[in-house]
Amino acid sequence: MTAQTAITHPALEVRDLALEYRIGPDWKSALRDINFTVERGESFGLVGESGCGKSTVAMAIMHYLPRNGRVTQGSIRLAGRDVTDLSPRELRDLRVNKISMVYQNPGTALNPSIRIGRQVEDVFELMGVPAREREGRVRQVLDKVQIADPIRVMRRYPHQLSGGMLQRVVIAMAIASRPALLILDEPTTGLDATVEAEVLDLVRDLRDEIGTSVLFISHSLAVIRKMCDRVAVLYAGRLMAVGPTEETFNNPSHPYTVGLLRCLPSPETGRRDETTLDTIPGFLPPLGAEITGCIYAERCGNVQDICREVEPELIPVPGDSVSRCHFWDRAQELPRTVPEAAPRRERSEETLLAITNASKTFVQDGAPVYALHDIDLEIRVGETVALVGESGSGKSTLAKVLLGIHAPDDGTVIALSGKGLSAKVAQRTQGEIGAIQMVFQNPDSALNRRHSVRRIIGRAVRLLRREGRKETDDRTKNLMREVRMGSQHLLAKPRQLSGGLKQRVAIARAFAGTPALVICDEPTSALDVSVQAAIINLLAELQAEENVSYLFISHDLNVVRYIADRVAVMYLGRLMEVGSSPRVFAGPHHPYTEALLSASPDLEEDTRIRLEGEIPAASNPPSGCVFQTRCPRKIGVICETVEPPLEEAEPGWFKRCHIPIEELRLLQGQPPAEVTADPATT
Amino acid sequence: MMGRFVLRRFGLALITLALLSVLVFIGTQLLPGDVGRRVLGPFATQESVDALNARLGTDRPPLVQYTDWIGGAVTGDLGDSITFARPVTELVGRALINSAKLAALAFVIVVPLSIWGGILAALRRGRLIDRLITVGGLSATVIPEFVSGIVLILIFAVTLGWLPGTASAPRGSGFFTQMRHLLLPAICLTLVLFGYIARITRAGVIEAMEADYTRTAILKGLPRRVVIRREVLRNALLPTIAVVASQMGYLIGGLVVVEVLFSYQGIGQLLYSAAQNADFPLLAGGVLVVGAMFQGSMLLADLAYSWLNPRIRLAGSG
Amino acid sequence: MAQPSHSAGGFRLTIPQATRSQRWQVLRRSATFWVGATIVVIWVVFAIFGDFVTPFDPLGTPADVLNRLEAPSGEHPLGTDELGRDVLSRVLAGARQVLTVALAATVLGTIFGTALGLVVGYAGGIVDEILSRILDAFLSIPLVITGMLALTALGPNTLGVIVVIGLVFTPIIAKTVRAAVLSERQLDYVTAAQLRRDNGLYVLFVEILPNVANVIIVEFTVRLGYAIFTVLALSFLGFGIEPSIPDWGLMIAQHRGYLTGGIWWPVLFPALAIASLVVAVNLVADSISQAFE
Ligand code: SF4
Ligand code: SF4
């Protein structure tokens with residue numbers, strides 16, 4: 001191929017792509033009529049909910065389909081060259097030099113029995129780099145992905161590195177050949193927000209430096225928004241809208257995009273007492289469903305008769321975009337599915353649950369692991385307290401201590417409505433057990449797949465209320481109504497229900513007794529965006545109706561901002577900051593909270609605070625302040641020697657840091673409070 | 001880390017052996033009730049039974065018997081055989097050498113063949129050759145050795161007359177004559193082992209081929225040959241090692257039947273005649289040795305596995 | 001290479017797990033399953049109704065001695081044995097012995113193994129350690145030798161064979177069930193049961209057991225194959241069978257000496273019967289495990 005053609009062709013051109021999977025005996029359409037172009041040097045996003053076919057597009061481009069998949073139509077051109085009819089040799093050549101891919105779960109992407117250095121070196125070997133230069137090149141490229149100690153990393157095996165580090169290595173391999181196209185398929189899903197932010201920054205830097213085109217695939221609108229110039233929205237194997245990112249998200253021309261955006265709480269959305277979240281009704285059609293007319297009609301609030309008869313084309317719309325909607329100009333007039341008025345609720349200052357002086361030490365291989373240390377937390381009647389922090393910070397352990405599943409260390413005091421609570425669930429009274437319940441992250445794991453909905457909820461009702469058969473049955477049906485499910489679902493098994501319905505069943509079960517506190521452990525993170533909003537609404541409504549308190553564990557700060565009254569930030573088994581939600585989000589922040597907040601993909605890069613390194617092992621916490629090994633605001637020796645206490649620096653706002661609040665305010669560039677801080681103390 | 005692993009694994013093997021010795025002891029000294037009576041039969045006089053019990057030491061309390069027996073076992077003294085009136089250690093040792101020859105020949109045939117077959121089946125998954133290897137291998141595995149042995153004898157020894165129908169070569173025959181005699185029994189064992197090892201290999205290869213890291217390698221542009229050799233086989237054959245070693249256990253069990261069928265003087269035949277003659281000291285000693293050998297081979301396999309697997313070798317040194 | 005190299009592997013698709021009906025569909029479509037199942041059913045029918053269909057009395061009559069070792073003929077399609085008994089009748093009747101003994105042993109092992117596995121998996125800790133060691137000890141000796149050892153001690157009897165095989169299967173099955181229970185126990189529905197302080201037995205038998213049922217079914221079929229294998233090997237070696245009962249292993253053992261004399265029918269036909277049964281059982285076992293996993 002000559003330099004001439006290379007200049008004139010876009011990096012990637014997908015035309016009329018259609019693809020099928022064989023499921024059982026039948027071939028089912030998985031992608032249809034996919035059309036998009038990635039220009040040279042451009043970052044192009046592909047966004048959609050699970051099951052919409054995002055990854056299938058990537059695999060079709062890499063020409064690496066599973067054995068039950070086949071392309072039935074269309075062309076995929078990489079720099080003008082059709083990849084659908086290459087010889088194996090040409091294909092390999094293409095993969096070596098022109099196109100690379102990074103995907104989810106770096107932990108499994110590298111061969112466990114080959115050293116990192118060797119695996120990266122392969123790429124250079126394939127490129128034909130002479131043997132003596134290769135090691136240097138490997139070091140260079142690892143340097144480029146900001147691996148601090150490349151020599152050491154090269155000698156490691158994959159299991160010896162963290163997820164973030166592995167993803168850097170995978171990215172290094174992908175960019176080594178300076179490919180024309182780099183495909184990133186959910187590269188940060190499953191990584192902590194802080195690590196995600198680092199990886200995303202890295203990808204952006206590299207793209208600017210190398211000038212590759214990027215195809216970025218993600219379910220996260222925020223990530224796509226941050227990373228991409230243009231974006232395509234995928235639904236049920238069809239493109240719904242394609243256009244510049246700004247235009248697509250700020251001025252959406254398809255009802256699906258509008259709906260998705262409304263489902264997501266953002267800093268601009270009001271809080272839960274001000275507004276509900278809008279939702280998208282209905283479900284994704286099953287793979288291969290034959291639907292005449294618009295595939296989105298079932299769920300679309302703008303649907304007209306014609307929509308059910310004629311499938312819309314990708315119609316050019318203003319702002320250099322296309323939209324697969326007959327009534328694209330009315331997309332933003334989409335009526336709300338749920339009324340905007342938020343349920344009214346009462347809150348009181350009365351303490352429901354207090355845990356004081358809590359610690360939990362596990363013993364692992366004979367060595368102690370300090371999972372929780374010196375926790376003091378109060379939850380009031382009818383309020384929502386959010387618990388945030390990276391994985392490994394002890395959030396779930398705290399939840400399990402409250403539930404009585406893990407017995408805390410001696411000295412821990414848990415009190416429910418002022419009465420002491422036994423450390424073990426087995427020693428609590430029936431009332432106490434019913435009073436603290438839990439909604440789990442993953443309904444597939446939380447619901448017994450062999451039991452009917454009636455049995456799942458009914459059993460909990462029976463044990464937690466101990467009433468007659470009739471009352472139990474009535475209560476079960478009542479609970480179904482409360483979680484907005486019809487009684488036709490009573491006999492269903494979990495697998496016959498969608499993810500959202502399953503989570504509703506799990507919520508109904510948690511409300512079987514009359515709970516005073518429900519612990520929600522990432523209740524929406526296994527769900528798609530459109531379902532997530534409905535579940536959050538439901539939780540808010542139930543709280544208003546039942547006056548229940550929530551301990552809401554989440555990594556999604558936008559959800560936390562929307563739903564929480566107070567926020568507790570955890571790091572390495574300690575509370576670092578506790579305060580009302582508006583106060584915690586407004587600042588001044590504890591340095592760790594500051595870093596967490598700035599890791600959010602909603603923010604622009606220049607304001608980011610980088611967190612160095614990884615969360616230390618709980619078996620060997622750092623001396624002094626546990627955050628000192630990573631703290632960007634560390635003030636000196638005192639941080640390394642003296643552990644700061646959790647102190648009430650403002651009424652109702654607690655922090656665990658040596659820096660005085662006024663100084664934090666200055667450091668974080670916020671206007672000083674009423675009293676001007678004395679700069680002399682710095 | 002590795003040192004601790006070895007120690008732990010070794011300790012476990014010892015505990016298992018100790019347990020085994022108790023089981024064997026129960027089976028050979030306690031279950032039979034009056035050992036002397038069982039050996040001599042219902043028509044022997046009470047005096048001769050008592051005399052035998054006294055000679056064997058089976059009139060003492062069980063705990064004393066056990067400590068005595070196990071104490072001897074540790075120092076290599078397993079008592080004397082009743083029928084052969086010779087030290088058990090000597091008889092077992094001689095038989096083991098014979099069995100080792102047969103087992104070695106079987107292993108030499110079956111290991112490369114079945115691993116190759118398993119890889120081939122995995123690479124041609126779903127095609128005819130795959131079905132042939134898996135279904136055919138499975139069928140061969142489950143047919144008892146005496147059935148396949150009979151058919152082999154019928155064909156190769158009786159009808160065609162190509163190979164001898166007994167495994168024991170005449171005294172003083174050369175290496176090749178010995179091997180010729182061992183060929184039919186070895187094929188018998190091969191038939192049983194082939195399907196099993198091939199299936200494990202196939203499963204391992206398929207798993208490795210579907211692993212993310214293999215996808216990485218392919219998408220890197222590595223040639224298929226290299227991908228299979230380096231990415232797939234390297235990770236897939238590790239579990240196969242453990243399986244091959246665990247087949248030692250089967251092999252010894254299979255040897256009983258095969259050696260009886262082909263009248264070969266190995267450990268299987270020895271145990272068989274010990275059982276038939278109610279020769280309890282020989283039976284107990286033989287079974288204990290067999291168990292020890294099995295544990296030993298499992299231990300070696302585990303060590304080899306962990307040595308080759310960096311995830312275990314380097315555990316904790318991250 | 002006709003098939004381009006890029007499709008050498010696959011990747012995980014988000015396909016929902018096979019449901020029960022889909023599993024049966026897979027089974028129904030599997031040719032190996034049908035072939036295996038048909039043969040097994042045929043043998044089971046002979047095992048039950050053998051007495052009514054055999055042309056001659058499998059136990060023989062005194063007059064039989066006159067026609068010892070007759071080659072296959074119109075009257076005796078499979079010939080006669082060393083006592084002049086009809087080989088066909090004995091082969092058909094022999095199905096009963098092996099099937100009842102193997103089935104009883106497997107049922108025994110599965111019941112005890114499942115109970116033990118459930119308890120150990122749920123209780124964990126030291127009980128678990130002990131089970132693993134006992135299992136290892138049992139597994140250090142091949143089943144045939146364990147059987148020989150125990151039957152030498154107990155004397156020859158059918159019940160002994162059943163008990164010994166069942167006993168050895170118990171820890172093996174327990175270990176498989178235990179592993180399945182352990183992974184179920186990680187799931188949150190068990191935690192949820194804890195949070196309503198549910199009864200341990202309810203959790204074990206109503207919550208967990210149905211979820212490990214597939215594992216038990218697969219294990220049962222696989223073990224049944226091994227049991228048949230072992231029963232036959234033991235009867236071939238002459239352990240645990242009263243000599244007059246028609247038994248395939250025993251028939252082979254008794255007549256293999258005649259092979260060199262060209263008398264193959266009393267040996268080959270039981271051998272073929274064995275081959276057909278074990279292969280059939282294992283084809284069924286294999287297709288069930290493939291459909292269920
Ligand atoms: S075509 Fe009709 S149904 Fe489809 S998205 Fe547009 S308005 Fe909705
Ligand atoms: S005490 Fe020091 S190290 Fe800890 S958070 Fe405050 S400034 Fe950072």
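# A tour of chains A, B and C

Start with chain C: from its N terminus on, the elements run α-α-α-α-α-α-α-α-α-α. The model is predicted, so local features need pLDDT of at least 70 and side-chain atom pairs count only at pLDDT 80 or more, while totals for chains, interfaces and linings use all residues. Residues are numbered from 1 along each chain as its sequence is written, chains are lettered from A and ligands numbered from 1 in the order in which they are written, and side-chain values use heavy atoms, with hydrogens and water left out.

**Chains C and B, whole**

Keep chain C selected. It has 10 helices and zero strands; helices (H or I, at least four residues) and strands (E, at least two) are DSSP runs, numbered from the N terminus. Along the principal axes, the C-alpha atoms of chain C fill a box of roughly 75 × 60 × 40 Å. Of its 293 residues, 58% count as buried. Buried means under 20% relative accessible area, exposed over 50%, and partly exposed in between (1.4 Å probe, protein chains only).

Now select chain B, with 13 helices and zero strands. Its C-alpha trace spans about 85 × 60 × 35 Å along its principal axes, and 53% of its 318 residues count as buried.

**Surface patches**

Patches are made of residues with over 30% relative accessible area and no salt bridge, like charges being joined within 9 Å and nonpolar side chains (Val, Leu, Ile, Met, Phe, Trp, Tyr) within 5 Å. A salt bridge is a side-chain nitrogen of Lys or Arg within 4 Å of a carboxyl oxygen of Asp or Glu. Accessible areas come from the Shrake-Rupley method with a 1.4 Å probe; for residues, only the protein chains shown count as cover. Lys and Arg count as positive and Asp and Glu as negative, without His or the chain ends, and a charge is placed at NZ of Lys, CZ of Arg, CG of Asp or CD of Glu.

- Select C:Val41, C:Val44, C:Val45, C:Ile48, C:Phe49, C:Phe52 and C:Val53: they form a nonpolar surface patch with about 650 Å² of accessible area together. C:Val53 lies in helix H2 (residues 31-53) of chain C and is partly exposed at 44% relative accessibility.
- Select B:Asp34, B:Glu47, B:Asp50 and B:Asp59 for a negative patch. B:Glu47 sits in helix H3 (residues 46-56) of chain B and, at 60% relative accessibility, is exposed.
- Select A:Arg462, A:Arg466, A:Arg469 and C:Arg197 for a positive patch. C:Arg197 is in the loop between helix H7 (188-195) and helix H8 (200-237) of chain C, partly exposed with a relative accessible area of 35%.

**A covered strand in chain A**

Go to strand E6 (residues 99-103) of chain A, where five of five residues are buried. In a regular strand the side chains alternate between the two faces of the sheet. In E6(A), A:Ile99, A:Met101 and A:Tyr103 are buried on one side, and A:Ser100 and A:Val102 on the other.

Add strand E7 (residues 181-185) of chain A, which pairs with E6(A) in the parallel sense over five bridges; strands pair if DSSP finds at least two bridges between them. The bridge partner of A:Val102 in E7(A) is A:Leu184.

**Two positive phi values**

Most residues other than glycine have a negative phi. Select A:Arg178, with phi near 45°, in the loop between helix H7 (163-175) and E7 of chain A. A:Arg178 is partly exposed at 47% relative accessibility.

Finish at A:Leu572, with a positive phi of about 50°. A:Leu572 is in the loop between strand E21 (566-571) and strand E22 (574-580) of chain A. Is A:Leu572 buried or exposed? At 1% relative accessibility, A:Leu572 is buried.
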